[in-house]
Amino acid sequence: MSVSKIAGAALRALFSLIVALVVLSPGLAQEEEDARGVVVNKPEAFDGYTFIAPHFNNIAYVIDNEGRVINEWNIGDFKREIHLLDNGNVLVVRGSPEELDKSLIPLAYEVDGAIVEFTWDGDKVWEYVFRHPHKRHHHGIDVLPNGNILALVWEYHHIDEALALGLDPAVVEATLAGYDHFLPDSIVEIDRANSEIVWEWRAWDHLIQDLDEKLPNYGAPAANPQRIDINYEQYLLKSIPTDWSAGPADWMHSNMVNYNPILDQIVISVLRFDEFWIINHTAAAEEADGRASDLLYRWGNPFAYGAGDMVEDRKLFQQHDAQWIEEGLPGAGNILIYNNRNNLVLEHELADDEYSSILEIKLPLREDGSYDWSADAEIVWRYDTGFYSRIISGVQRLPNGNTLITAGVPGRVLEVTPDGEVVWEFLNPVPPDARQWLFRVRKYPADHPGLAGRDLTPGRVLAE
């Protein structure tokens, strides 16, 4: 058996063990063990329909504010999330229906690998499976106004390629010994009309290093924050013994991609760097590897590019679901993010001080769509009371100004007002065991185009 296959098998076993440990995390309050379904429903809750896709179950649901099932879809496999389209169909990120080629990318999550479109009545009308041996989908997608899909993928590179671009052999020896693959992330745009990739941005094209001055990507990361330091190794060196993710070759572990149609820009949440990055989508495909598509802005951990202290200057900790608040919503144009605050990396805080936080961030955006790197972003709203999830999780700003929060591991969904009052709460009862994870949940208004003409008659209450 090859080294990569042995490493892959070992990592899958480690992931299963750590999943069990995470599920038993003290962040899950006892009351969440005792009651499931809708447990809070106040008049101030937004009147809409909540789409939930329990992580380790084949069924996805839409429920009303009383927790009654409006519709459900048998997805046929474990899944991450469900998106309502304007035509009433749904897009689902789910496990691949076939065994994927793992000869180059041994990493995989059982909830990734395919994107599927179903009608409201449950008929499958489109499917995209990531069969390319050099690319493997993981985590998030977003739907563009033209119907195309942005998706995050691992991109395979042999470790020797990374060394040739300035990866420090000491980092390899310390963290990547036994691995022959190095997997930075890319963003691909898929045309649903013909299932072709029509645009791609590759982190691999935007690397910098200060180890070998003979290489063309030589430079000081602190003086070039628009480029990505290939030798940033905070997680590689310090968190692998307890890190829950897919291993050190999973260099970035991005977990969300979101598109801003006003700016024609993309934001991704990069967990291993404790940052979100903003990227120019305007650049044509043939220009996506040039300086024009370097990072437009980044925020959360200046230590990642040598410009701040490892602990004191960090704002984000293994965050998820970075997104722009959409036009027409309170806070439009700001970034909203679920800051998991995984305290394994907070050595200066007590281990039992476990809570996540929601941050709304105003960016130093100029009128021309560029960003003022000399001005820090401003946190304009924060909520951090009574919820925690080490991994997964999400957030959404609603039309009435409330904020929907998904604490993923306990399967808990909160809707809070701007003043922090919980006005709706749902505890996922599916499946009725210890793995009731929700990757992220989305709530849609009753007048959403995708709900027009649909039978919204409520059925049974979704509860244990």
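These legends walk through a predicted model of one protein, view by view.

**View 1. The whole chain, to get your bearings.**
Start with the overall build: the protein has 5 helices and 29 strands. Of its 464 residues, 60% are buried. Take the contacts between residues at least 6 apart in sequence, and 61% of them join residues at least 24 apart. On the outside, the accessible surface is about 17800 Å², and carbon and sulfur atoms account for 50% of that.

**View 2. Stretches to read with care.**
The mean pLDDT of this protein is 88, with 86% of the residues at 70 or more. Residues 1-33 are another matter, since pLDDT stays under 50 there. The model still gives that stretch 39 contacts beyond four places in sequence. Residues 344-351 also stay under 50 in pLDDT, and they have 13 such contacts beyond four places in sequence.

**View 3. Glu81 and Arg440, a buried pair.**
Here the side chains of Glu81 and Arg440 form a salt bridge, with 2.8 Å from N to O. The two partners come from distant parts of the chain, 359 residues apart. Glu81 sits in strand β5 (residues 79-84), while Arg440 is in the loop between β28 (422-427) and β29 (442-445). Are these partners buried or exposed? Glu81 has a relative accessibility of 3%, so it counts as buried. Arg440 is buried too, because its relative accessible area is just 4%, under the 20% cut-off.

**View 4. Asp321 and Arg442, strand to strand.**
Another salt bridge joins the side chains of Asp321 and Arg442, at 3.0 Å from N to O. Asp321 belongs to strand β21 (residues 320-324) and Arg442 to strand β29, so this pair ties together parts 121 residues apart in sequence. Both Asp321 and Arg442 are buried.

**View 5. Asp212 and Lys214, out in the open.**
How exposed is a salt bridge between Asp212 and Lys214? The side chains of these two meet at 3.2 Å, N to O. Lys214 is exposed, because its relative accessible area is 70%, over the 50% cut-off. Asp212 has 23%, so it falls in between and is partly exposed.

**View 6. Salt bridges, taken together.**
Side chains of opposite charge can pair when their charged atoms come close. How many salt bridges does the whole structure hold? A search finds 26 of them. One is the pair of Asp321 and Arg442 from View 4. Elsewhere, Lys135, Glu155, Glu200, Arg202 and Asp205 are joined into one network by salt bridges that share partners.

Conventions. Residues are numbered from 1 along each chain as its sequence is written. This is a predicted model: local features need pLDDT of at least 70, side-chain atom pairs count only at pLDDT 80 or more; totals for chains, interfaces and linings use all residues. Side-chain values use heavy atoms; hydrogens and water are left out. pLDDT is the predictor's confidence in each residue, from 0 to 100. Contact means heavy atoms within 4.5 Å. Helices (H or I, at least four residues) and strands (E, at least two) are DSSP runs, numbered from the N terminus. Buried means under 20% relative accessible area, exposed over 50%, partly exposed in between (1.4 Å probe, protein chains only). Accessible areas come from the Shrake-Rupley method with a 1.4 Å probe; for residues, only the protein chains shown count as cover.
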